[in-house]
Amino acid sequence: MITGGAGDIGLATAIRFGKEGASVALVDVKDMANAAEQVAATGALVRTYRCDVTDYGDVERTVEKIVADFGKIDLLFNNAGIQGEFKQLHQYPVDDFAKVIQVNLIGAFHVLRSVSARMVEQKGGVIVNTASMAGVDGPVNMAAYGASKFAMVGLTQTAAKDLAPFGIRVNSISPGFMGPGFMWDRQVDLQAAVGSQYYDTDRNIVEKQMIGSVPLRRYGNIEEIPGTVIYLMSDDSSYVTGVNVKLSGGI
Ligand SMILES: NC(=O)c1ccc[n+]([C@@H]2O[C@H](COP(=O)([O-])OP(=O)(O)OC[C@H]3O[C@@H](n4cnc5c(N)ncnc54)[C@H](O)[C@@H]3O)[C@@H](O)[C@H]2O)c1
């Protein structure tokens with residue numbers, strides 16, 4: 001089960017899961033027809049479920065349907081998220097702060113709660129949550145996003161401890177500057193638009209500033225994420241739980 005399955009990271013991971021022979025349930029608020037077609041091209045069984053993770057009733061109905069369709073959920077990639085606005089803290093829109101927390105934290109908790117309840121019954125499963133480097137080092141001009149992702153790292157640690165007695169492992173990944181894709185382009189444009197002391201107002205210079213802060217001197221490719229998710233969900237990581245893996249080029 002992959003939330004945010006229509007997005008860049010969710011889809012890249014779904015395709016990789018398809019190639020590895022998994023059956024895939026894509027979950028998103030967006031239309032997933034194109035994503036499903038790409039996953040089906042791997043030969044995998046794929047189904048799509050329209051669901052808003054901020055609505056617990058919707059999440060419960062969706063999880064029930066997935067269990068009815070597939071028999072059970074072995075692996076959860078809890079990945080849906082939004083970036084929110086880019087503003088200095090004293091100007092950060094109050095309603096946007098609540099919205100980002102609602103999707104990135106409360107939505108992620110809804111999915112975690114609902115799926116883990118089934119995994120507890122079946123006494124096993126593996127979960128990977130998508131946090132961010134914004135959850136490791138406070139990002140500038142992204143108060144809501146940073147707070148939501150720091151919380152995701154904490155939620156992962158508690159979930160790992162609470163679910164360990166039931167044979168369920170829970171880890172998180174923290175991508176840093178990843179591209180190409182929606183979030184990369186949006187953050188470059190919006191950091192430039194803020195005009196803070198941290199970034200230039202020219203987006204081409206902002207791009208160089210961001211990449212210049214990365215020891216590997218490039219942004220990570222979205223395609224470099226699925227392998228880590230697969231590892232964390234495989235038996236190769238059978239003694240790994242409660243860990244946050246940084247995919248950040250050394251930041
Ligand atoms: N791309 C990056 O640079 C980057 C870096 C660090 C972390 N992340 C995290 O990775 C995850 C995936 O991001 P992405 O880069 O693929 O972005 P994306 O926007 O391409 O994908 C996110 C998906 O989540 C879905 N979504 C949003 N709100 C939802 C809701 N309420 N219910 C269900 N689905 C919802 C969106 O429709 C979208 O398809 C997010 O949690 C994001 O915060 C991304």
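**View 1. Val140 sits in the loop between strand 5 and helix 5.** This is a predicted model, as are the views that follow. Val140 counts as partly exposed because its relative accessible area is 24%, and that class starts at 20%. Skip the residues up to four places away in sequence, and what Val140 touches is Gln191, Tyr198 and Tyr199. Gln197 is worth finding here too: 57 residues separate Val140 from Gln197 in sequence, yet their C-alpha atoms are 9.9 Å apart in space.

**View 2. The ligand has a shell of 27 residues around it.** Look for Ile9, Asp28, Asp52, Asn79 and Tyr145, which come closest. Helix 1, helix 5 (143-163) and helix 6 (182-194) each put at least two residues into this shell. Sorted by class, the shell holds 14 nonpolar, 8 polar and 5 charged residues.

**View 3. Val29, Val53 and Tyr145 place polar atoms by the ligand.** For Val29, a backbone N or O atom lies 3.5 Å from a ligand nitrogen atom. Val53 also uses a backbone N or O atom, here 3.0 Å from a nitrogen atom of the ligand. Tyr145 does it with the side chain: one of its polar atoms is 2.6 Å from a ligand oxygen atom. As for cover, the ligand on its own has 820 Å² of accessible area, and the protein covers 94% of that.

**View 4. The largest nonpolar core takes in 27 residues.** Val24, Leu26, Val39, Phe77, Ile173 and Val229 have the most contacts inside this core. Two or more residues each come from helix 1 (8-19), strand 2 (24-28), helix 2 (33-40), strand 5 (125-130) and helix 8 (226-233). Helix 1 is the top contributor, giving 6 residues. Another core, of 26 residues, lies apart from this one, and Val27, Val115, Ile127 and Val153 are among its members. As a rule of thumb, nonpolar side chains in soluble globular proteins tend to be buried together.

**View 5. Val24 up close, with the residues it touches.** Leaving out anything up to four places away in sequence, Val24 touches Ile2, Ala14, Phe17, Gly18, Val39, Leu45, Val46, Arg47 and Phe70. Val39 turns up again here, having been listed with Val24 among the residues with the most contacts inside the largest core.

**View 6. Arg118 is a buried residue of helix 4 (residues 94-122).** It's called buried because its relative accessible area is 17%, which is under the 20% cut-off. Neighbours within four places in sequence aside, Arg118 is in contact with Glu60, Val63, Glu64 and Val67.

Definitions and conventions. Residues numbered from 1 in each chain as written. Predicted model: local features only at pLDDT ≥ 70, side-chain atom pairs only at ≥ 80, totals over all residues. Heavy atoms only, no water. Core = buried A, V, L, I, M, F, W, Y, C linked by side-chain atoms within 4.5 Å. Buried < 20%, exposed > 50% of the residue type's maximum accessible area, 1.4 Å probe, protein only. Helix = DSSP H or I, 4+ residues; strand = E, 2+ residues; numbered from the N terminus. Contact = heavy atoms within 4.5 Å. Near = heavy atom within 4 Å. Polar contact = N/O pair within 3.5 Å; in protein donor to acceptor, adjacent residues only side chain to side chain. Areas by Shrake-Rupley, 256 points an atom, 1.4 Å probe, with all protein chains shown as cover. Nonpolar A, V, L, I, M, F, W, Y, C, P; charged D, E, K, R; others polar.
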